[in-house]
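Trainee: Could we go through this structure together? I would like to learn how the descriptive words are earned.

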Amino acid sequence: TPSPIAGRPEDAGSTIATGPDWARRSTLGIVGLAYLVALVSLFRGGAAGTGAWYLVAIPVLCFILMGERPGIIAGVINVVLYTGFALAHRVGWLVPSLPSVASSTSQMLAFSTTFLFVVGILVAVQANFVRTQRRTLRSLEDQSSRLRQAQRAGSRREEELMRLNASLKL
């Protein structure tokens, strides 16, 4: 049975994004707030600050709330955002107001590599999870349909046997 938010079981993973208007607005508000916090943290702490870790969490949030495609898109957007902030920080266009963890180019390169690796792994794991979840839900729906058919056939057979039993008692 479809839920008011999720719709059909095969739509799992994109439940809220395709649900009622209030759910879609709430979801976009949550993701927008996460991006706002990440951007403020990136401006204040630079590419090596806490903003990078907010950017790591956003694709996971998008996968959970909106599905596979928005999660992958968020991952790509975050890599581009992070790369832009890292370059702006390195070139000197962005001077963080908080002290930076990565002061040398090698430290910044190590931090950037770690960030890109973590985002890549998280996006791949979440995408695989969503695909597996959809396959499982389709399989369960197919099995449920077959069981309903068998139940109807059993009910028909029971009715037939009851009629035959009644005719034997006459």
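Mentor: Happily; we will take the helices and a few residues in turn, keeping in mind that this is a predicted model.

Trainee: Why are H1 and H2 called roughly antiparallel?

Mentor: Start with the angle: H1 and H2 pack at about 170 degrees, and their axes are 8 Å apart. Angles over 145 degrees count as roughly antiparallel, so H1 and H2 earn that description. From H1, residues including Leu-28, Ile-30 and Val-37 take part in the contact, and among those from H2 are Tyr-54, Leu-55 and Ile-58.

Trainee: What classes of residue make up the contact of H1 with H2?

Mentor: That contact has 16 nonpolar residues, three polar ones and no charged ones.

Trainee: And how do you know whether H1 is roughly parallel or antiparallel to H3?

Mentor: Use the angle again. The axes of H1 (residues 21-45) and H3 (residues 68-91) cross at roughly 15 degrees and come within 11 Å. Because angles under 35 degrees count as roughly parallel, H1 is roughly parallel to H3. The crossing is right-handed. On the H1 side, Tyr-35, Leu-39, Leu-42 and Phe-43 meet Ala-74, Ile-77, Asn-78, Leu-81 and Phe-85 of H3. By class, eight residues in this contact are nonpolar, one is polar and none is charged.

Trainee: How does the reach of H1 compare with what is expected?

Mentor: H1 has 25 residues and spans 36 Å from its first C-alpha to its last, close to the 36 Å expected at 1.5 Å a residue.

Trainee: Which residues of H1 are buried, and what covers them?

Mentor: The buried residues of H1 include Ala-23, Thr-27, Val-31 and Gly-45. Among what covers the buried residues of H1 are H2 and H3.

Trainee: Is Ala-52 buried or exposed, and what makes it so?

Mentor: Ala-52, which lies in helix H2, has 0% relative accessibility. Buried means under 20%, so Ala-52 counts as buried. Its C-alpha is 6.9 Å from that of Leu-42, ten residues apart along the chain.

Trainee: Why does Gln-126 count as buried?

Mentor: The relative accessibility of Gln-126 is 17%. With the limit for buried at under 20%, Gln-126 therefore counts as buried. You will find Gln-126 in helix H4 (residues 105-169).

Trainee: What is Gln-126 in contact with?

Mentor: Leaving aside neighbours within four places in sequence, Gln-126 is in contact with Val-60, Phe-63 and Ile-64.

How values were computed. Residues are numbered from 1 along each chain as its sequence is written. This is a predicted model: local features need pLDDT of at least 70, side-chain atom pairs count only at pLDDT 80 or more; totals for chains, interfaces and linings use all residues. Side-chain values use heavy atoms; hydrogens and water are left out. Helices (H or I, at least four residues) and strands (E, at least two) are DSSP runs, numbered from the N terminus. Buried means under 20% relative accessible area, exposed over 50%, partly exposed in between (1.4 Å probe, protein chains only). Contact means heavy atoms within 4.5 Å. Axes are lines fitted to C-alpha atoms, for helices over the stretch in contact, and angles run from 0 to 180 degrees between N-to-C directions. Angles under 35 degrees count as roughly parallel, over 145 as roughly antiparallel, 65 to 115 as roughly perpendicular and the rest as oblique. A crossing is left-handed if the near helix is turned anticlockwise from the far one by less than a right angle, and right-handed if clockwise. Ala, Val, Leu, Ile, Met, Phe, Trp, Tyr, Cys and Pro count as nonpolar, Asp, Glu, Lys and Arg as charged, and the others, Gly among them, as polar. The expected span of a helix is 1.5 Å times one less than its number of residues.
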